[in-house]
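Subject: A structure to look at, with notes

Hello,

I am passing on a structure that I would like you to look through at your own pace. Please open it first, and then read the notes below with the structure beside you.

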Amino acid sequence: MQKTPHTHRPDAGAIQPMNAVASAILPPPATTPAPPGTARLRHFVQQLAALVETAPPEPELLSRGGALLGALVAHDDWLPAAYAQPHPERYQQYLLHADALGRFSVVSFVWGPGQSTPIHDHTVWGLIGMLRGSEDSQAFARTADGRWAPQGPPHRLEPGDVDAVSPAIGDVHRVSNAWEGRTSISIHVYGANIGAVQRSVYLQDGTAKPFISGYSNATLPNIWDLSRNPATAA
Ligand SMILES: [Fe+2]
């Protein structure tokens, strides 16, 4: 990414009177480089937006989007701590970015020790990239009498692994933290603003219960302050 003049942060002693207000509300310039986090996430969001803009067929979208997500979760140095916090009673879903046109959203899914989801669907395409710890996904399929039955063995995701879901390839699963004693975190991308999507959780007898997940956070990470972290992550 080409640098602009705005990418240079002056030393404290060089701040001019015009910057007096900004210097009063901003912390002093960091003496150590900012972590690559914002650049990594921003780069991913930009690459995914460019991909979605071309409206490829879903298999191509999942393949190419999965490669982008794989590159993002290949590094565990970028997720701000505020979006990596487990809750003692329930898993957390933090919104990291929502596309302005609702074409995709990016969330961090944070599992406390031993936590799991109910059986649920997504209704849109989704990509799951394992960032930290590990999780088990058990797919379910409808039986002839309308119940949900496990489909194959559970699938374990380890750091760097990427999985996909969608109504076309299998959309119903139950996911759990594979660790009883530590937090696990996966990064999810969905083909909608997933926190606003009407979808369902299921009992194994087939009973559906509608839900809209919302998000666990009220504020998003600022990935757009290029003055703080201009570099494009590798
Ligand atoms: Fe899921």
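The notes that follow go from the whole chain to the sheet, then to the core, and end with a single residue.

Please keep in mind from the start that this is a predicted model. The secondary structure comes to 3 helices and 12 strands, and of the 234 residues in the protein, 29% count as buried. If you take the contacts between residues at least 6 apart in sequence, 77% of them join residues that are at least 24 apart.

A good place to begin is the open sheet, in which 5 strands are arranged in the order S1-S2-S10-S4-S8 with antiparallel pairing. Strands S1 and S8 are the edges of this sheet, since each of them pairs on one side only, and from one strand to the next the twist averages 25°.

Within the sheet, S2 deserves some time. On one side, S1 and S2 are paired in the antiparallel sense over 6 bridges, and Tyr94 has Ser108 in S2 as its bridge partner. The hairpin formed by S1 and S2 has 6 residues between the strands, and there Gly102 takes a positive phi near 70°. S2 is also joined to S10 by 7 bridges, again running antiparallel, and in this pair Val110 stands opposite Ile185 of S10.

How many of the residues of S2 are buried? The count is 7 of 7, so that the strand is mostly covered, as a residue is called buried when 20 or more other C-beta atoms lie within 10 Å of its own. In a regular strand the side chains alternate between the two faces of the sheet. In S2 both faces are covered, with Ser105, Val107, Phe109 and Trp111 buried on one side and Val106, Ser108 and Val110 buried on the other.

Helix H3 lies across S4, S8 and S10, and it runs at about 15° to S4. The largest nonpolar core has 38 residues, and those with the most contacts inside it are Leu69, Leu96, Val107, Leu127 and Val189. Among the elements that give two or more residues to this core are helix H2 (37-53), helix H3 (58-73), strand S1 (92-98) and strand S2 (105-111), and the largest share, 6 residues, comes from H3. As an example of how residues meet, Val189 touches Leu48, Gly65, Leu69, Phe104, Val106, Gly126 and Leu127, if residues up to four places away in sequence are not counted. Apart from the largest core lies another one, of 5 residues, which includes Ile119, Ala139, Trp148 and Val172.

Finally, please find Ala178, which is in the loop between strand S9 (173-177) and S10. Is Ala178 buried or partly exposed? Ala178 is partly exposed, because it has 19 other C-beta atoms within 10 Å, whereas a buried residue needs 20 or more. With residues up to four places away in sequence left out, Ala178 touches Ser134, Glu135, Asp136, Arg156 and Ser184. The C-alpha atoms of Ala178 and Trp111 are separated by 9.4 Å, although the two residues are 67 apart along the chain.

With best wishes

Note on methods
Residues are numbered from 1 along each chain as its sequence is written. This is a predicted model: local features need pLDDT of at least 70, side-chain atom pairs count only at pLDDT 80 or more; totals for chains, interfaces and linings use all residues. A nonpolar core is a set of buried Ala, Val, Leu, Ile, Met, Phe, Trp, Tyr and Cys residues joined through C-beta atoms within 7 Å. A residue is buried if 20 or more other C-beta atoms lie within 10 Å of its own, exposed if 12 or fewer, and partly exposed in between; C-beta atoms are placed from the backbone. Helices (H or I, at least four residues) and strands (E, at least two) are DSSP runs, numbered from the N terminus. Two residues are in contact if their C-beta atoms, placed from the backbone, lie within 7 Å. Two strands pair if DSSP finds at least two bridges between them. Axes are lines fitted to C-alpha atoms, for helices over the stretch in contact, and angles run from 0 to 180 degrees between N-to-C directions.
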